[in-house]
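Here is a guided reading of a structure, taken one site at a time. Please keep the sequence and the three-dimensional view at hand while following the paragraphs below.

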Amino acid sequence: MRNQFKFIIIIALLVAILVTHLFTGTFSLTWTDLLNILTNQASADVRLVLFEFRMPRILVVLVCGAALALSGLILQVISKNPLADPGIIGVNAGSGFGVVLFITFISGSMSQHLYALPLMSFVGGLLTVLIIFFLSFIGGAFKSNIFILIGIATAMGVTGFVYVFTSVFDETQMEMLNRYFAGNIWGDTWPFVYISVPYILIISLFVFFRIREMGMLNLDDEMLTGFGMNVNKEKIILIVLSAMLSSLAVSVCGAISFIGLIAPHISRMLFGQNMKILFFSSLLIGSVLLTAADLLGKLILAPAIIPTGIVVALIGGPYFLWLLMRARQI
Amino acid sequence: MILEAKGIKKSYGNRFNRTEVLKGIDLDIEKGEFVSIMGASGSGKTTLLNVLSSIDRVSSGHIFIEGEDITAMKDKKLANFRKNDLGFIFQQYNLLDTLTVKENILLPLSIRNMKKGEVERQFETVANELGIHELGGKYPNEISGGQQQRTSAARAFVHQPKIIFADEPTGALDSKSASGLLNKLKQMNINSRSTIVMVTHDATAASYSSRVIFLKDGLVYSTLRKGERRQEEFYKEIMSTQSVLGGVGVES
Ligand SMILES: Nc1ncnc2c1ncn2[C@@H]1O[C@H](COP(=O)(O)OP(=O)(O)O)[C@@H](O)[C@H]1O
Ligand SMILES: [Mg+2]
């Protein structure tokens, strides 16, 4: 009962954010506009703003927030470390590297290569995680904590590489890169919705069918092996799913950290450890966090827009520190 | 003969830095036996148990369970074999906080397709034998350590495995809960003719078994059999062997 109540509040919050999002911005809409839309009498302007600008952006942010949260939840489960986050283990750095390669070697404006940029970002993120993953097998068995450590180290190394490339960048190239690292939601038109949302939903569905295994991963590996589970295989599948989710998300949203860390954490505080509940609550809370950050970025300094990734970092950074301090005390 | 190990060697590390933990161990375990493995800390008890139970692979040697060589089995078959024929108890209770005692016990059965009535009956049997039937609806954090470990033992027995492997099952328990658990294990061993292989560094715990195998420097150092003796006498002999061996009851 209490859990249902909490879910209702979160969903209500999400709806409130989404509605505010739809109506506010450089071109604010009114209730009359909404009514007109519903009765098919709205002006072309209103329709353009709502359907071509606001809707795709909201959809991308909504689904990517959920994807980052789920990606983080998976990493935390397999590493048995509640501080794991896809941004920490190199997804963002790898995606950034893909972006840098794109900027360096593919000239021309972004609109000419609508899909090339997110594709390279996706491949960069995914490849980095997979490389980290295979490195962590060196020395025999796969150890999740080693995986996280190698991830952090690789993330730093790759970021260094990125800056080496930037030394030859001109101003426009630099600006493109900064847009990525600030977590500007660059993919906020329908084509980006089509290349990200369906895949994220499908991958999430795959994860849904492994909730049981995710819950069991709390047990020691020996015990799970005793139950006949192929623990390494299970972890590999989950890591790949997690890497795909976060790479997809950052390839259309830009480098966004902390959602994967914070959303599962809030979920645990609210709902406890039940994996099925954590799955759904993390998705929802991830959506709430990213849409709220996007909304705040749009409203705080309006008409100026603060990149969403920066808003997330401004809130996420202190939260992460607070978590670390608390972990110290216990 | 339910378990037969021949020339078991196991080393850790890489080409440049190798340590041989098991240096050639032979042992035979009869069906229905309750065997303890003892030895100083770091002598390779856990390593031996893990290779015997196929959780870990041997470096060389062969292990036969009911005549079948598990060192030659493919991963998939091995996983199935573990799931169906082996049960495990570890020092950590390894219970899922989000499941009730009953759900935890039934975990090994929930992985396979089994009729509900049959599942229910299996639960009744083991839960009654281990004296935790009335705790079925509770969660692990609502019961004592001893009760948690009996839950973990019930889970190891619930699918009627051929062999139960236990690594320091009493390591985290006070002496009263420990003797409670050991009595139950012994009772299960006698009543259901289940074979138990238990690693322990505690002479009292070992005295519940019918045979004690001592490890030293990666080899079997000696073997004691209880025979028809009383438990106290067996305990004394275990103690004296242990003191000759050194490393009395010290475990990290
Ligand atoms: N995975 C491993 N990698 C490297 N060395 C190990 C590993 N597991 C155990 N060892 C080493 O093998 C030796 C025996 O360990 P173990 O079997 O756990 O001893 P016991 O259970 O008797 O205390 C120890 O020296 C330990 O450091
Ligand atoms: Mg040990």
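The paragraphs that follow turn to the surroundings of a ligand and then to a pocket.

The model is a predicted one, and the walk through it may begin at ligand 1, which is surrounded by 11 residues, the closest being B:Gly42, B:Gly44, B:Lys45, B:Thr46 and B:Thr47. Sorted by class, this shell comprises six polar, three nonpolar and two charged residues, and the element that gives the most to it is helix α1 of chain B, residues 45-52, with three residues.

Which atoms of B:Gly42, B:Ser43 and B:Thr46 approach the oxygen atoms of the ligand? For B:Gly42, a polar backbone atom is 2.8 Å from an oxygen atom of ligand 1, and for B:Ser43 a backbone N or O atom lies 3.3 Å from an oxygen atom of ligand 1. B:Thr46, by contrast, uses its side chain, a polar atom of which lies 2.7 Å from an oxygen atom of the ligand. Ligand 1 taken alone exposes 560 Å², and the protein buries 55% of that area.

Attention can now pass to the second largest pocket, whose volume is about 530 Å³. Its lining consists of 26 residues, and those nearest its centre are A:Lys80, A:Pro82, A:Asn218, A:Arg268 and A:Gln273. Four helices of chain A, namely α3 (44-79), α12 (259-271), α13 (275-299) and α14 (308-329), each supply at least two residues of this lining. By class, the lining of the second largest pocket is made up of 13 nonpolar, nine polar and four charged residues.

Note on methods
Residues are numbered from 1 along each chain as its sequence is written. Chains are lettered from A and ligands numbered from 1 in the order in which they are written. This is a predicted model: local features need pLDDT of at least 70, side-chain atom pairs count only at pLDDT 80 or more; totals for chains, interfaces and linings use all residues. Side-chain values use heavy atoms; hydrogens and water are left out. A residue is near a molecule or strand if one of its heavy atoms lies within 4 Å of it. A polar contact is a pair of N or O atoms within 3.5 Å; within protein, one must be able to donate a hydrogen and the other to accept it, and residues adjacent in sequence count only if both atoms are side-chain atoms. Accessible areas come from the Shrake-Rupley method with a 1.4 Å probe; for residues, only the protein chains shown count as cover. Ala, Val, Leu, Ile, Met, Phe, Trp, Tyr, Cys and Pro count as nonpolar, Asp, Glu, Lys and Arg as charged, and the others, Gly among them, as polar. On a 1 Å grid over the protein atoms alone, a cavity is a set of points where a 1.4 Å probe fits but cannot get out, and a pocket is an open set with protein on both sides within 12 Å along at least five of seven lines; lining residues have an atom within 4 Å of a point. Grid points are joined across faces, edges and corners, and a volume is the space filled by probe spheres set on the points.
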